[in-house]
Amino acid sequence: NKSTKLVILFWTLPAAVVLMISFLTVRTTHALDPYKPIVSENAPITIQVVALQWKWLFIYPEQHIATVNFIQFPVNTPVHFELTADAPMNSFWIPQLGGQMYAMSGMSTQLNLMANTTGDFAGSAAEVNGNGYAGMRFVARSSSQKDFNVWVDTVKQATSTLDQDAYEALSKPSENNPVTFYSAADENMYNAVIGKFMMPAGSMENMQ
C-alpha cells in the first residue's frame, strides 16, 4: 500500500546517502594514509627522526650521517620518515608537504612525504611542549639528486660524529639550537633510543 512504500522510501534514501558518504570517507582516508608508501619511479630514502628538547635530530641510516634541525632530500623522491622521541611527546610537521605525525617515547611511527618541487620548506613541532617550543623549527630542503649527493658528501666532511657520548650531550634540554652536521652516526642509535624506554625482560615478574 501507499504507506508502506513511503516508509521504504524514507528509510532507503537516508541509508543510500550514509553508504555513499561512508564509501567516500573510507576511500579518501586510505588515499591519505601517512603510512601508505608513495608510488614513484624513484627509490625512497629513509630519514629517522628523534624529537628532543627542543630540537630535531635526523639520522640517515643509508648515508650514515646525521643532522640537527635540517634535512635535505631529492625532489620527486619518496621520503620515508621513522619517528620517535627521547622527550615528551611531540608532533612532526612540514605543512607544505603533508600532515603531521606524532613522535612518542618508546614507539616508532611512520610518515611518507614527497616534494614535487625544489626549495626550502618550513618544518616545526606542532605540539606545545615547554619553554623551547617556539624555537623547535627546522628546514626541509628539496633539491636535485646531484645536489643531494653533493650535500651528503659535504656532511661526511664534518668534524663531529654522533656516537653515544655526543648523543647524550645533544639530548639534554637546550633552546634555539643551530643547524649541526655529523659526519657519521651510530647505526643502532635510533633503535637504542626506542629501547631505553622498554621494560627489561622479567621486570613484570619481579614487580609481582
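In the predicted model, phenylalanine 58 is buried, with a relative accessible area of 0%. Phenylalanine 92 is likewise buried, and its relative accessible area is also 0%. The two side chains take part in aromatic pairing, for which the count comes to eleven pairs. The ring centres of phenylalanine 58 and phenylalanine 92 lie 6.3 Å apart and the planes meet at 70°, so this pair is edge-to-face, the angle being over the 60 degrees required for that class. Phenylalanine 58 belongs to strand β2 (residues 55-60) and phenylalanine 92 to strand β6 (residues 90-93); the contact therefore ties together parts that are 34 residues apart in sequence. Both residues are also members of one aromatic cluster, formed by Trp56, Phe58, Phe81, Phe92 and Phe138.

A further aromatic pair is formed by phenylalanine 70 and tryptophan 151, with 5.8 Å from centre to centre and 50° between the planes, and this pair is tilted. Phenylalanine 70 is located in strand β4 (residues 70-74) and tryptophan 151 in helix α2 (residues 145-155), so that the pair ties together parts 81 residues apart in sequence. Phenylalanine 70 and tryptophan 151 are both buried.

Charged residues were examined at the surface. Asp163, Asp165, Glu168, Asp186 and Glu187 form a negative surface patch. Within this group, glutamate 168 lies in helix α3, which spans residues 164-170. The relative accessible area of glutamate 168 is 37%, and the residue is therefore classed as partly exposed, a term covering values between 20% and 50%.

Terms used: Residues numbered from 1 in each chain as written. Predicted model: local features only at pLDDT ≥ 70, side-chain atom pairs only at ≥ 80, totals over all residues. Heavy atoms only, no water. Patch = residues over 30% accessible without salt bridge, like charges linked within 9 Å, V, L, I, M, F, W, Y side chains within 5 Å. Areas by Shrake-Rupley, 256 points an atom, 1.4 Å probe, with all protein chains shown as cover. Salt bridge = Lys/Arg side-chain N within 4 Å of Asp/Glu carboxyl O. Lys, Arg positive; Asp, Glu negative; His and termini not counted. Charge placed at Lys NZ, Arg CZ, Asp CG, Glu CD. Helix = DSSP H or I, 4+ residues; strand = E, 2+ residues; numbered from the N terminus. Buried < 20%, exposed > 50% of the residue type's maximum accessible area, 1.4 Å probe, protein only. Phe/Tyr/Trp six-rings, centres within 6.5 Å; stacked < 30°, edge-to-face > 60°.
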